[in-house]
Amino acid sequence: MNEERYVIAILVDNQPGILTRVASMFNRRGFNIDSLTVSATEDSKYSRITISLTGDESVRSQIVRQLRKLYNVKEVKVMERDKSVYRELALIKLRNCPETRQEVLSAVDIFRSKIVDFSPNTLCVEITGETSKIEAFIALVEPLGILEMCRTGVVAIERGCSYLNSETSL
Amino acid sequence: MILTGADIVVETLIEQGVKTVFGYPGGQVINLYDALYTRSGRIEHVLTAHEQGAAHAADGYARATGEVGVCIATSGPGATNLVTGIATAMLDSVPLVAITGNVPNSLIGKDSFQEVDITGVTLPITKHNFLVKSIDKLADTIREAFAIAKSGRPGPVLVDIPKDVQVATFPYEPSLVVEKKLPKPAKHDKLKAAVQMIAESQKPYIYFGGGAVSADISEEIIALADKIDAPIGCTMMGLSLIPVKNPRFLGMEGMHGHYASSVGQDEADLIITIGARFSDRATGNVAKYARRAKIIHIDGDRAELNKNINVDLGISCNIKNALQRLIPLIGETKHPEWMARIEELKKEEHEQFERVTAKDRITPYALIQEVAKHTNPDTPIVTDVGQHQMWVAQYYPFEVPRTFISSGGLGTMGFGLGAAIGAAKATGKKTVLFTGDGSFGMNLNELATAVTENSPVVIIIMNNKVLGMVRQWQTLFFQKHYSNTDLHTRKTDFVKLADAFGMKGYRVNELSEMESVISQAFNENGPVLVDVAIFEDEFVLPMLPPGGSIEEIITERSDQS
């Protein structure tokens, strides 16, 4: 079967320990996570966990079903690629030296990212977009010397009138 | 009324219909035990010898009745001693509420004396667990724990209560017994699809597991089998739901299943699976499992569909409701050829059995039949884990649902004695525990509990002085390297042991003694132990080698002297 990258959004009770419960299920059943983010939602009672992973259709449906069995999980939805907006943010610290500066600045410009810190020896780029865009940027600046990098992992929201909230709950 | 947290816990248990709890006191549950003390007329506490025994007893109580079993332990080692019992309940979907004390909130996280993060420890082996940090949520959390334990696919729930929450005070208002939530009814088009598949089948086979016991659907299964003229097989967890004497019933299939049941399943063109999860012990090699058959899978847990086996039609639903609606939709059919083939397989099975079963010694079969002469249809039959468990699963003539109590999924040696005490307490009936010398050695301390409670438990030890199941594998797959499975160097005298605990013990060495000694044992009131010497190289047959397929079924020993 085809291994595919996809994103699952999970609405959970905003309580301590929920992340452990979700992560433990993945660990116990041997499902790998590419990235995971936890965030506040429009309702303070709930948090939203966004997980991106790689697997085939049977793994995907098994993950969704196992997630739905967790007591504090209120809703689980696969964020279909063509019906959703995926975003990720990266902060990348690069060497700032006269030889490479121009190249970095034009890459920043082309990728519509921005410089958020500039010091005599380093500069820091903030870039937002789909994972593929961020990876393309990283590939471009890697030869110029990445000193440090961190990424948020994917967050996703559906386009149009589909909502993920407790009203649509299981 | 204003009560302490400890009082609220016990009042809530009583409110939820709990009559008996099993447990062991300790530093962080003294308040809870004080609340039990002052309510001793309204709720009974059974003191076990070890917290593991309490967990197994609560589990046995739950399996015998379908009610939620409750156990209590203190923080730290008390709580960790429950772990095996909780995992046992988890793997077999048994409704259990475990209550543990913990150090006061102010000491949590400081590696305090007898502090353990038990909600962390039990996270993967509970359906859900709670750490109750403040008293205002205490009663509702316990109610929620009961609701989770018994709703949907049942399972264990742990509630961890820090000492200061037990000491604090808060208003308590009694509430109703929480409702058991059932899975949603099946969609009609799914049932229609099942009807179509059944109509197209020439060789249907009905196959059920523990989910069917939990849903209490013996009548529905028999009605379905009669209507579509199909044989019935089950997993070990399904045993006792259908009377063994029912002519359609082929018994357990799988690794040590009945020959006719396993081969029948392999030859079927349609397997209607009800409340079973295709465990590796039931399927063997999944690539070769049910190659000729389409599979309908009706289960209360949606996550079980396509988890271990890909099925042709998965219906996640309230299975009792689904069968009740499905049966009237199906036309009555006959499959004389298929049923004739099943009869042929049963005959083959019987011939194999006759060939491999000795007549001149105490065989497990003969022993089980002898015991069965003294039991009633509703006698709880509890086992430990190993060869004896398989023999009981194969040969005991079960008639009434929930009379077979055994650790299936986790395969917990040492489960039996605690579970038997729990089952006897729950039913008030004389209870039989079949155990082995290996399993019994693990938790025999609970004899003290059986004596205290005067539990009417008849303990039959199939004593072969070896760890027989592992030895069987070593014989078959490890060139008879009997690594650490020979117990002959142990000199334990189980009859004297019984005496030391203050109960009656008997011994059977010869076939000629068996009848009278078993009869004597059943005449005792209260706990009694019978140590029965059996042959060390008795095999559980047939056997599908682990990960094997039906072609590799072993029906007799090739190495026998």
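**Exercise 1. The contact between the chains**

How many residues does the contact take from chain B, and how many from chain A? Work this out for the predicted model shown above, and then sort the chain B side by residue class.

*Solution.* Counting on each side in turn, the contact draws eight residues from chain B and 11 residues from chain A. Turning to the classes, the side of chain B that touches chain A consists of four nonpolar, two polar and two charged residues.

**Exercise 2. The overall build of chain A**

Describe the secondary structure of chain A, and then its extent, burial and contacts.

*Solution.* Begin with the elements: chain A contains four helices and nine strands, and, read from the N terminus on, they follow the order β-α-β-β-α-β-β-α-β-β-α-β-β. Next, take the extent along the principal axes, where the C-alpha atoms of chain A fill a box of roughly 55 × 40 × 30 Å. For burial, 25% of the 170 residues in chain A are buried. Finally, consider the contacts in chain A with a separation of 6 or more, of which 76% are made by residues 24 or more positions apart.

**Exercise 3. The two domains of chain A**

Locate the domains of chain A, and characterise the side of domain 1 that touches domain 2.

*Solution.* The first step is the division itself, which gives domain 1 (4-79) and domain 2 (85-155) of chain A. Taken over C-alpha atoms, the centres of these two domains of chain A are separated by 29 Å. The contact involves seven residues from domain 1 of chain A and five residues from domain 2 of chain A. On the domain 1 side of this contact, β2 (35-40) and β3 (46-55) of chain A each supply at least two residues, and the largest share, four residues, comes from β2(A). Sorted by class, that side of domain 1 of chain A has two nonpolar, five polar and no charged residues.

**Exercise 4. The setting of Met252(B)**

Why does Met252(B) count as buried, and which residues does Met252(B) touch beyond those up to four places away in sequence?

*Solution.* First place the residue: Met252(B) belongs to strand β11 of chain B, which spans residues 249-252. Then apply the cut-off, under which a residue is buried if 20 or more other C-beta atoms lie within 10 Å of its own; Met252(B) counts as buried because it has 22 C-beta neighbours inside 10 Å. Leaving aside residues up to four places away in sequence, Met252(B) touches Cys234(B), Thr235(B), Met236(B), Leu239(B), Gly257(B), His258(B), Ser261(B), Ala393(B) and Gln394(B). As a last step, compare chain position with space: Met252(B) and Tyr207(B) are 45 residues apart along the chain, and their C-alpha atoms are separated by 9.2 Å.

Definitions and conventions:
Residues numbered from 1 in each chain as written. Chains lettered and ligands numbered in written order. Predicted model: local features only at pLDDT ≥ 70, side-chain atom pairs only at ≥ 80, totals over all residues. Domains from an automatic or database assignment. Contact = placed C-beta atoms within 7 Å. Nonpolar A, V, L, I, M, F, W, Y, C, P; charged D, E, K, R; others polar. Buried ≥ 20, exposed ≤ 12 C-beta atoms within 10 Å, placed from the backbone.
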